[in-house]
Amino acid sequence: YRGSGDITAGYGMFDLPLHRNLRSVFGARVEHAIYEVNPYDIFGLVPDSLLKGSKLDDTDVLPSFNLTWAPRENFNVRGAYSATVSRPDFREMTEFSISDFVDDYEQFGNPDLKRARIHSYDMRVEAFPTVNEMGAVSVFYKDLNDPIEYSIGQGNSGAVYRPVNASWAR
């Protein structure tokens, strides 16, 4: 296959003190991505009309927001949200087969894959007992739309793995 990827993006960020002990940092990344894969048969045995190519052409607005509360000089509470994407790689976007001789399975690509959108939420409590020390407790949660997962099926010679878009994941 021949594959190409082009991403054009811009980002803006603002750091805004809301109060003496409260600070927000927010912004957004806007990106336009075009990924294209065109398979071909190097031996000329398969007509081009039977080879299915794949193209992703997406524009995404990816916001981020961070809020930090510092009730004391050596203690912070942070909360954050960000949106990101995950795109399939070129091999996953093609319909041809790759054999894994070590694990004894075939892997097929999927030209119908979409990029996944990811929403991340983070919360963190930080303490700085001294200048050289830090303690932190963090929790996070991710919500994925159209994540790429591998589906297992039966092929002519055994197990076949193929990437598919699941509806959602957490």
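**Reading a predicted chain, feature by feature**

Author: Of the 170 residues in this protein chain, 25% count as buried, where buried means under 20% relative accessible area, exposed over 50%, and partly exposed in between (1.4 Å probe, protein chains only). This is a predicted model, in which local features need pLDDT of at least 70 and side-chain atom pairs count only at pLDDT 80 or more, while totals for chains, interfaces and linings use all residues. Residues are numbered from 1 along each chain as its sequence is written, and side-chain values use heavy atoms, with hydrogens and water left out.

Reader: Happy to start there! How many helices and strands does the protein chain have?

Author: Helices (H or I, at least four residues) and strands (E, at least two) are DSSP runs, numbered from the N terminus. Here there are one helix and eleven strands, in the order β-β-β-β-α-β-β-β-β-β-β-β. The radius of gyration is 22 Å, well over the 15 Å that the globule rule gives for 170 residues, so the protein chain is more spread out than a compact globule. That radius is taken over C-alpha atoms, and the rule is 2.2 Å times the number of residues to the power 0.38. The C-alpha atoms fill a box of roughly 70 × 35 × 30 Å along the principal axes.

Reader: Now a single residue: is glycine 109 buried or exposed?

Author: Glycine 109 counts as buried, at 3% relative accessibility. This residue sits in the loop between strand S6 (105–108) and strand S7 (116–127). Contact means heavy atoms within 4.5 Å; leaving aside residues up to four places away in sequence, glycine 109 touches Arg91, Glu92, Thr94, Glu95, Phe96, Arg162 and Pro163.

Reader: And which residues line the largest pocket?

Author: Rolling a probe the size of a water molecule over the atoms shows where empty space is left. On a 1 Å grid over the protein atoms alone, a pocket is an open set of points where a 1.4 Å probe fits, with protein on both sides within 12 Å along at least five of seven lines; lining residues have an atom within 4 Å of a point. The lining here is Tyr1, Pro39, Tyr40, Asp41, Val46, Leu50, Leu51, Lys52, Thr94, Glu95 and Phe96.

Reader: What is the phi of aspartate 146 near?

Author: Its phi is near 60 degrees, a positive value in a residue other than glycine. Aspartate 146 lies in the loop between strand S8 (135–145) and strand S9 (148–155) and is partly exposed, with a relative accessible area of 21%.
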